[in-house]
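This report looks at how the helices of one protein chain are packed, and at a few single residues that deserve a closer look. Please keep the sequence and the model in view while reading.

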Amino acid sequence: MSDTPVTVSMVGPVALVSIDDGKVNALTPDLLDSLFGALDAAEANAGAVVLSGRPGVFCAGLDLNVMRGGGSAAQDLLGKGGEIFLRLAEFPRPIVAACTGHALAAGAVMLLSCDIRICAAGTYKIGLNEVAIGLPLPPLVVALARARLSPRHFTRACNTAQVYSPTEAVDVGFLDEAGSADATGEALRVATEFAEGLDANAFATTRRRTCAGLGEAITRN
């Protein structure tokens, strides 16, 4: 782990954005601020992005200490989380997720916000478990899930807080590939192909069109 929970390093044309808080990569206000800064730097300098977690954990979700405390702090964190999901989903460069371990709640939402999702080999848990811990899914999360998850699994994944193994998560739609011996390395390979093989302007324009209206979900009740 470095001094900051989010680091950015250039690997050829790809910005490797790594999240490692030394624990479970819970999304705190400070971590989210760092992630916003990392994405701004990546947009300015890279042709594609890899979003990676720490060994064994991609992201365990929003900081439950804040969320369970309620009040304005919880609302602010929830709002900032929605903004990062939208930033990822609307990002004008391809984003490949290197799912290095467990991805629950907001961690699973970040997977839904990326273009390609590659999971490391391991007995990890993937899913939207918010309802099980007393948190209703926000409209933006429902919109992302509806767009990315298999219709066969959408209701169960959202309404019953079902948690999946990586192999199951591929069928459900949280992941594209599971069981990689080097998820970050494979994600970098795929992201490099995107950076070198896709027209940046055409990608950005298509991204705007495919995500049109997504931001409106943040304001819904």
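Leaving aside neighbours within four places in sequence, which residues is M110 in contact with? The residues that M110 touches on this count are I19, L27, L35, L51, F58, C59, F85 and L88, where contact means heavy atoms within 4.5 Å.

The model is a predicted one, in which local features need pLDDT of at least 70 and side-chain atom pairs count only at pLDDT 80 or more, while totals for chains, interfaces and linings use all residues. Residues are numbered from 1 along each chain as its sequence is written, and side-chain values use heavy atoms, with hydrogens and water left out.

**The core and helix α1**

M110 also appears in the largest nonpolar core, which has 71 residues and in which L51, M110 and F174 touch the most other members. A nonpolar core is here a set of buried Ala, Val, Leu, Ile, Met, Phe, Trp, Tyr and Cys residues joined through side-chain atoms within 4.5 Å, and buried means under 20% relative accessible area, exposed over 50%, and partly exposed in between, with a 1.4 Å probe and protein chains only. In soluble globular proteins, nonpolar side chains tend to be buried together.

Helices and strands are DSSP runs numbered from the N terminus (helices H or I, at least four residues; strands E, at least two). Helix α1, residues 29-45, has 17 residues and reaches 25 Å from its first C-alpha to its last, close to the 24 Å expected at 1.5 Å a residue; the expected span is 1.5 Å times one less than the number of residues. Its buried residues are L31, L32, L35, F36, A38, L39 and A42. Seen down the axis of α1, these buried residues fall within an arc of 165°, so they line one face of the helix, the arc being that of the directions from the helix axis to the C-beta atoms. An α-helix has 3.6 residues a turn, so residues three or four places apart point the same way. On the other side of α1, D30, A44 and N45 are exposed, whereas the buried residues pack against β1 (6-11), β2 (14-19), β3 (48-52), α3 (71-89) and α4 (106-112).

**Helices α5 and α9**

In helix α5, residues 139-148, the buried residues are L140, V141, L144 and A145. They cover an arc of only 135° around the axis, which puts them on the same side of α5. R146 and A147 are exposed on the other side of α5, and the cover over its buried residues includes α3, α4 and α6.

Helix α9, residues 200-210, has F203, A204 and R207 buried. They cover an arc of only 95° around the axis, which puts them on the same side of α9. The face turned away from that buried side carries the exposed residues N201, R208 and R209, while α3 and β5 (95-99) are among what covers the buried residues of α9. At the N-terminal end of α9, D199 acts as a cap, with a side-chain oxygen 3.2 Å from the backbone nitrogen of N201; a polar contact is a pair of N or O atoms within 3.5 Å, where within protein one must be able to donate a hydrogen and the other to accept it, and residues adjacent in sequence count only if both atoms are side-chain atoms.

What does the side chain of R207 reach at 3.2 Å? The partner is the backbone oxygen of R93. R207 counts as buried at 8% relative accessibility, and, not counting residues up to four places away in sequence, R207 touches A89, E90, F91, R93, P94, I95 and D115.

**Cysteines and positive phi**

With a disulfide defined as a pair of cysteine sulfur atoms within 2.5 Å, the count comes to zero disulfides. For C59, the nearest cysteine sulfur is that of C99, 9.8 Å away, and for C158 it is that of C114, 17 Å away. C59 is buried, with a relative accessible area of 1%, and C158 is buried at 4% relative accessibility.

Most residues other than glycine have a negative phi, and most peptide bonds are trans. The table lists two alanines with a positive phi.

| Residue | Phi | Loop | Relative accessibility |
|---|---|---|---|
| A105 | near 50° | between β6 (101-104) and α4 | 8%, buried |
| A161 | near 55° | between α6 (151-159) and α7 (166-172) | 11%, buried |
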